[in-house]
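This briefing goes through one protein chain, from its overall make-up to a few selected places. Please keep the sequence and the structure in view while reading.

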Amino acid sequence: MAMLSLIIPVFRVEKYLAACLDSILAQHRDDVEIVAVDDASDDGSSAILAEYAQRNPQITVVTLERNAGLGAARDTGIAHASGRYVWCVDSDDWLPDGALAAVTDRLCQVDPDLLITGYSRVYQDGRIEHHPVTDIAPGRQLPDVFAFADEPGLLDVLWIACNKIIKRDRLIESGITFQPGWYEDVSFVIPLMIAVDRIAVLDRDCYAYRQHYDGAITRTVSDRHFDVFDQWQRVFAYLDTHPGRAAPIRATIFGRMIWHCLQVLGHPHRVPRSSRRRYFRSTSELYHRHLPSGDYPIPGGGNEAVKQRLVAANAYSLFELMMAGWLVRKRLFGGPTRRMGVVAKPPAPAMTRAGPRVSSGDTGEGTIR
């Protein structure tokens, strides 16, 4: 049995697929298998998969007759995996050198149910934005293994699926799967973190997350961003059916849910202007539907606290006035800086017939991908 199964959903990524596969195969691991799911891709991706599978016996290709979307393709790959752990890798991203060795070593050392690694967003102009796992607990050492309830700071780290390595048996036991719609990582990762007992981190950049300016849902103005409410409804349905595990962190998850919904609304290229009031009203309805009983301490301070109070009051007009003032201040005085640097050139895309990136299940910023 392989130590690690890499699950790679494939749809319209012929420009990037070879670079993704090469980044894995170049690390020469006999204890790693690749399960690539051809999600009825209609470009040259299928031919690339066939060529690589013919030359590399560790690659298994599963072909879907109809396009099922990112989440369903991941679930299909997991169902065909044989490794002790599974790791979902998007086919337009790549694994940095040494990532597989570092991950498998850490898995052997601490035997976690879930391993969370650092990752980086890599931009088309060569910039990199680092996301270290030390952000979970700034200034202190995390235990080798811990439960979600003991380290709720996990919610302050972007909850994408691609930096999570999961013990396959525990995932199957939990019954947690990816759900349809945009922002599908939300309703997968958060229930998963609640379900498992042994979470570990690896303080190393093990995933290169390619940032696209065109085609990603983060820059797609559409009412499909309302899918975020369905995903959070699924999270709270899971909390309701697992009250013992969820109780210590329910209020924390609630606060993060409202923050996330407002982040989507605050992005200039997501919710159509004609739908903003309706989106805000849906956020307010979600707020009152899942507001924790007793005294709920509104998280954070400053603008965040004010925004949550406006959501509680369904005060859309005041919210828009506040956001307009914030944008003026940002233009006049600048916004917060991000951890940026220059990285080595990303793996070059394969020189094949390239089309726009329109991944059927792309989560954008993973939640806010």
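The points below cover the whole chain, then some helices, two loop residues and a surface patch.

The model is predicted. The secondary structure of the protein chain comes to 12 helices and 9 strands. The chain has 369 residues, and 56% of them count as buried.

**The chain as a whole**

- The protein chain exposes about 15,900 Å², and carbon and sulfur atoms supply 52% of that area.
- Among contacts in the protein chain with a separation of 6 or more, 83% are between residues 24 or more positions apart.

**Helix H1**

- Helix H1 spans residues 17–25 and is mostly covered, with 8 of its 9 residues buried.
- The buried residues of H1 are Leu-17, Ala-18, Ala-19, Cys-20, Leu-21, Ser-23, Ile-24 and Leu-25.
- Three strands and two helices are worth finding here: the buried residues of H1 pack against strand S1 (4–10), strand S2 (32–38) and strand S3 (59–63), and also against helix H2 (45–55) and helix H4 (99–110).

**Leu-64, in a loop**

- Leu-64 has its place in the loop between S3 and helix H3 (70–80).
- The relative accessible area of Leu-64 is 15%, and buried means under 20%, so Leu-64 is buried.
- Leaving aside neighbours within four places in sequence, Leu-64 is in contact with Val-37, Asp-38, Asp-39, Ala-40, Ala-73 and Thr-76.
- Leu-64 and Thr-76 are 12 residues apart in sequence, and their C-alpha atoms are 9.0 Å apart in space.

**Glu-151, in another loop**

- Glu-151 lies in the loop between strand S6 (127–131) and strand S7 (164–167).
- Glu-151 counts as buried because its relative accessibility is 5%, and the cut-off for buried is under 20%.
- Not counting residues up to four places away in sequence, Glu-151 touches Ala-137, Arg-140, Leu-142, Pro-143 and Phe-146.

**Helices H9, H10 and H11**

- Two packed helices are described by the angle between their axes and the distance between the axes.
- H9 and H10 pack at an angle of about 180°, with their axes 10 Å apart. Angles over 145 degrees count as roughly antiparallel, so H9 and H10 are roughly antiparallel to each other.
- Residues of H9 that meet H10 include Phe-254, Met-257 and Ile-258, and on the H10 side the residues include Tyr-279, Phe-280 and Leu-286.
- H10 and H11 pack at an angle of about 90°, with their axes 8 Å apart. Angles from 65 to 115 degrees count as roughly perpendicular, so H10 and H11 are roughly perpendicular to each other.
- Phe-280, Thr-283, Ser-284, Tyr-287 and His-288 in H10 meet Gln-308, Leu-310, Val-311 and Ala-312 in H11.
- Helix H11 (residues 303–312) has Glu-304, Ala-305, Lys-307, Gln-308, Leu-310 and Val-311 buried.
- The cover over the buried residues of H11 includes helix H9 (250–266), helix H10 (276–290) and H12.
- Asn-314, just after H11, takes a positive phi of about 50°.

**A nonpolar patch on the surface**

- Which residues make the nonpolar surface patch of about 370 Å²? Val-328, Leu-332 and Phe-333 make the patch.
- Val-328 is found in helix H12, which covers residues 316–333.
- Val-328 counts as partly exposed because its relative accessibility is 44%, and partly exposed lies between the cut-offs of 20% and 50%.

Terms used. Residues are numbered from 1 along each chain as its sequence is written. This is a predicted model: local features need pLDDT of at least 70, side-chain atom pairs count only at pLDDT 80 or more; totals for chains, interfaces and linings use all residues. Side-chain values use heavy atoms; hydrogens and water are left out. Patches are made of residues with over 30% relative accessible area and no salt bridge: like charges are joined within 9 Å, nonpolar side chains (Val, Leu, Ile, Met, Phe, Trp, Tyr) within 5 Å. Accessible areas come from the Shrake-Rupley method with a 1.4 Å probe; for residues, only the protein chains shown count as cover. A salt bridge is a side-chain nitrogen of Lys or Arg within 4 Å of a carboxyl oxygen of Asp or Glu. Helices (H or I, at least four residues) and strands (E, at least two) are DSSP runs, numbered from the N terminus. Buried means under 20% relative accessible area, exposed over 50%, partly exposed in between (1.4 Å probe, protein chains only). Contact means heavy atoms within 4.5 Å. Axes are lines fitted to C-alpha atoms, for helices over the stretch in contact, and angles run from 0 to 180 degrees between N-to-C directions. Angles under 35 degrees count as roughly parallel, over 145 as roughly antiparallel, 65 to 115 as roughly perpendicular and the rest as oblique.
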